[in-house]
Amino acid sequence: MKITPLRQELIPQVIALMELGEPYIRARTYSDYWGYATLFASTCPVALVGDDVAGAVMAFRSQEDPRDIYVQDVMTHPDYRQQGVSKALIAAVRDQAISWGCSRLYLTSEPDNIAAQATWQALGFVNVPGDRDVDGVSVTSNYKGPGKDRAVYQLDLP
């Protein structure tokens, strides 16, 4: 497996990959991924196995608090799950964040996305206290807008 920054020529494969993430991940437009590849490639790694896109992460450094990196999407192709793809991709984002002196990575997850929650915890992320508990997961109501409750996870960096 090779980890590489998102590049223009990988965009069609990344879109196809992200479409497999429904209902939790929604593919963005080609133009969005062009922006990610052009402006944020160092925090948008792609995992390649041969010519196949095995996984991808879209993450961005906060302009409001440059110590934070927000992880927008993490997706591993079903054929490559349980092979360390997400771990390698998050490690690439973490390493970049540390090189910039950032203090944390954070992300959100739908309260019912049990597989994602298990992944975040296995990667060292901690569920941030919210305003209520849903099946043992702390959730913040309306985190991403009205009716968009999310479990928030963070990974503190050295």
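**Strands, helices and cores**

Q: How many of the ten residues of β3 are buried?
A: This is a predicted model. In it, β3 is largely enclosed by the rest of the structure. A residue counts as buried under 20% relative accessible area. In β3 the buried residues number eight of the ten.

Q: What is the order of the strands in the open sheet?
A: The sheet has seven strands, and their pairing is mixed. β1 and β6 stand at its edges. The order is β1-β2-β3-β4-β5-β9-β6.

Q: Why is one side of β1 and of β6 left without a neighbour in the sheet?
A: β1 covers residues 2–5 and β6 covers residues 126–127. Both stand at the edges of the sheet. One side of each is left without a neighbour because each has a single partner strand.

Q: Which residue in β2 stands opposite I3?
A: Strand β2 spans residues 45–49. Four bridges join β1 to β2, and the two run antiparallel. I3 stands opposite A47.

Q: Which residue in β3 stands opposite L48?
A: β2 and β3 run antiparallel and are joined by four bridges. Opposite L48 stands V53.

Q: Which residue takes a positive phi in the hairpin of β2 and β3?
A: This hairpin has two residues between the strands. The positive phi is near 65 degrees. The residue that takes it is G50.

Q: How many bridges join β3 to β4?
A: A hairpin connects β3 to β4 through six residues. The two strands run antiparallel. One bridge pairs A56 with M75 in β4. The bridges between β3 and β4 number seven.

Q: At what angle does α1 run to β3?
A: Helix α1 lies across three strands: β2, β3 and β4. Its angle to β3 is about 90 degrees.

Q: Which strands does α4 touch where it packs on the sheet?
A: The direction of α4 makes about 165 degrees with that of β5. The strands touched by α4 are β4, β5 and β9.

Q: Which residues in α2 does α1 meet?
A: α1 covers residues 11–19 and α2 covers residues 30–39. They pack at about 120 degrees, with axes 10 Å apart. Their crossing is right-handed. From α1, the residues I11, P12, V14, I15 and M18 meet Y30, Y33 and W34.

Q: How many residues of the contact of α1 with α2 are nonpolar?
A: No residue of this contact is polar, and none is charged. The nonpolar residues number eight.

Q: Against which elements do the buried residues of α2 pack?
A: The buried residues of α2 are Y33, G35, Y36 and A37. Y33 is also one of the residues in the contact with α1. The buried residues pack against α1 and β3.

Q: Which element gives the most residues to the largest nonpolar core?
A: This core has 26 residues, and V57, I90, L105 and F125 touch the most other members. Elements that each supply at least two residues include β3, β4, β5 and α4. With five residues, the top contributor is α3.

Q: Which residues more than four places away in sequence does I90 touch?
A: I90 is among the four members of the largest core that touch the most others. The other three are in its contact list too. The full list is V57, V71, V74, L105, L123 and F125.

Q: How many residues make up the other core, the one with L17 and Y36?
A: This core lies apart from the largest one. Its members also include M58 and M75. Its residues number 19.

Q: Is L20 buried, exposed or partly exposed?
A: L20 is found in the loop between α1 and α2. It touches M75, H77 and P78. The C-alpha atoms of L20 and H77 are separated by 7.5 Å, though the two are 57 residues apart along the chain. At a relative accessible area of 44%, L20 is partly exposed.

Q: Is A97 buried or exposed?
A: A97 is found in helix α3. Beyond four places in sequence, A97 contacts I69, C102, L105 and L157. The C-alpha atoms of A97 and P66, 31 residues apart along the chain, are separated by 9.6 Å. With 0% relative accessibility, A97 is buried.

Terms used: Residues are numbered from 1 along each chain as its sequence is written. This is a predicted model: local features need pLDDT of at least 70, side-chain atom pairs count only at pLDDT 80 or more; totals for chains, interfaces and linings use all residues. Side-chain values use heavy atoms; hydrogens and water are left out. Axes are lines fitted to C-alpha atoms, for helices over the stretch in contact, and angles run from 0 to 180 degrees between N-to-C directions. A crossing is left-handed if the near helix is turned anticlockwise from the far one by less than a right angle, and right-handed if clockwise. Contact means heavy atoms within 4.5 Å. Ala, Val, Leu, Ile, Met, Phe, Trp, Tyr, Cys and Pro count as nonpolar, Asp, Glu, Lys and Arg as charged, and the others, Gly among them, as polar. A nonpolar core is a set of buried Ala, Val, Leu, Ile, Met, Phe, Trp, Tyr and Cys residues joined through side-chain atoms within 4.5 Å. Buried means under 20% relative accessible area, exposed over 50%, partly exposed in between (1.4 Å probe, protein chains only). Two strands pair if DSSP finds at least two bridges between them.
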